[in-house]
Amino acid sequence: MTYPYMTGYFDFNLEYWDEKVLRPGDQFPALCYAFGITADKVKSCSNVYDQIEFINQEKTRTPTGVLEIGSGRGEVTCTLKKLGVPVTAIDVAIDIQKWIDKTSHHFFGADFIPPQVIENNIKNVKVDLSKYDTIMLVESFEHISEEDFESTWTNICDNFKGLLCITNLLSVWPIHIGGDWEDAELQHCRLVDDKLFDAMSTKAKSVVYRHKSHFVLEF
């Protein structure tokens with residue numbers, strides 16, 4: 001079962017969040033891929049407004065609807081809404097809406113209306129994929145067990161038309177089960193490696209981009 005991240009889990013590693021910028025190693029590239037920007041064109045930006053300007057200048061597609069699985073604090077979800085893209089966020093963390101609200105106001109001001117997040121395990125959420133042309137998993141895939149993701153993956157293979165964007169920090173590859181911290185096997189509960197990506201590639205129409213933990217498929 002996906003680890004039910006407790007209140008306070010996202011209170012660590014706030015460097016980029018404090019600076020109001022999407023992490024350059026996984027969050028910002030994922031957003032770029034979703035807008036059709038190739039990896040060789042992704043550049044460093046100093047804040048989220050520069051990142052939004054870059055995307056608006058360089059995009060070759062605009063998502064009509066995004067499903068983010070494992071939204072975490074909501075940096076990507078909130079930025080998608082700021083970009084005017086309809087977005088649905090799902091996360092199993094307790095009180096995750098409070099973090100989405102906090103991120104929305106921290107990044108974009110008190111008047112910015114936060115997107116709503118579904119607080120649930122993805123295995124318990126029935127998603128009509130016809131509403132989306134983009135699915136994103138940003139530093140979240142390894143936190144969802146194969147069993148919990150099975151029905152979603154079947155739904156994607158059978159019913160989804162669009163881009164599936166999976167990213168993590170490139171320095172973390174492959175992503176092993178467990179680690180050197182408490183409850184590591186519950187938090188990193190799925191092996192994400194080349195063998196898994198090879199198998200996923202066979203179900204897709206094409207591989208748009210693949211480099212270590214950055215993986216974009218077209219369905």
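Which residue follows α4, and is its phi positive or negative? Gly84 comes after the helix, and its phi is positive, near 85 degrees. The close-ups below start at that spot and then move on through the structure. Everything you see is a predicted model, where local features need pLDDT of at least 70, side-chain atom pairs count only at pLDDT 80 or more, and totals for chains, interfaces and linings use all residues. Residues are numbered from 1 along each chain as its sequence is written, and side-chain values use heavy atoms, with hydrogens and water left out.

**Close-up A. Helix α4 is mostly covered.** This helix spans residues 75-82 (helices are DSSP runs of H or I with at least four residues, strands are E runs of at least two, and both are numbered from the N terminus). Of its 8 residues, 6 are buried (under 20% relative accessible area, with exposed meaning over 50% and partly exposed in between, for a 1.4 Å probe and protein chains only). Want to find them? Look for Glu75, Val76, Thr77, Cys78, Thr79 and Leu80.

**Close-up B. Cys32 and Cys45 stay unbonded.** Search the whole structure and you get 0 disulfides (a disulfide being a pair of cysteine sulfur atoms within 2.5 Å). Why is there no bond for Cys32? The closest cysteine sulfur belongs to Cys45 and sits 7.5 Å away, which is too far for a bond. Seen from the other side, Cys45 is in no disulfide either, and the sulfur nearest to its own is that of Cys32. Cys32 is buried, at a relative accessible area of 0%, and Cys45 counts as buried too, at 14%.

**Close-up C. Phe160 and Phe219 make a tilted ring pair.** The structure has 15 aromatic pairs (rings of Phe, Tyr and Trp, using the six-membered ring of Trp, with centres within 6.5 Å; planes under 30 degrees apart are stacked, over 60 edge-to-face, and the rest tilted). Here the ring centres are 6.1 Å apart and the planes meet at 55 degrees, so this pair is tilted. Phe160 is in the loop between α6 (146-159) and β5 (163-167), while Phe219 is in the segment after β7 (214-218), so the pair ties together parts that are 59 residues apart in sequence. Phe160 is buried, with 2% relative accessible area, and Phe219 is buried as well, with 11%.

**Close-up D. Phe197 and Phe215 stack up.** The centres of these two rings are 3.9 Å apart and their planes differ by 15 degrees, so the pair is stacked. Phe197 belongs to helix α8 (residues 194-201) and Phe215 to strand β7, so to speak two distant parts of the chain, 18 residues apart. Both Phe197 and Phe215 are buried.

**Close-up E. One aromatic cluster, and two lysines over rings.** Tyr3, Tyr5, Tyr9, Phe10 and Phe12 join up in one aromatic cluster. Elsewhere, find Lys81, whose charged end sits over the ring of Phe112, 5.8 Å from its centre (to count, NZ of Lys or CZ of Arg must be within 6 Å of the ring centre and within 35 degrees of the ring normal). Lys102 does this with Trp99, at 4.6 Å from the ring centre.

**Close-up F. The largest pocket holds about 750 Å³ of space.** On a 1 Å grid over the protein atoms alone, a pocket is an open set of points with protein on both sides within 12 Å along at least five of seven lines, a cavity is a set where a 1.4 Å probe fits but cannot get out, and lining residues have an atom within 4 Å of a point. Points are joined across faces, edges and corners, and a volume is the space filled by probe spheres set on them. Of the 37 lining residues, Tyr9, Phe10, Val138, Glu139 and His143 are the closest to the centre. α1 (15-18), β1 (66-69), α4 and β2 (87-91) are the elements that each give two or more residues. The lining has 16 nonpolar, 13 polar and 8 charged residues (nonpolar: Ala, Val, Leu, Ile, Met, Phe, Trp, Tyr, Cys and Pro; charged: Asp, Glu, Lys and Arg; polar: the others, Gly among them).

**Close-up G. The second largest pocket has about 170 Å³ of space.** Its lining includes Phe141, Trp153, Arg190 and Lys203. α6 gives the most, with 4 residues. By class, count 6 nonpolar, no polar and 4 charged residues.

**Close-up H. The largest cavity holds about 30 Å³ of space.** Among the residues lining this cavity are Phe141, Glu142, Ile166 and Ser213. The lining splits into 4 nonpolar, 3 polar and 1 charged.
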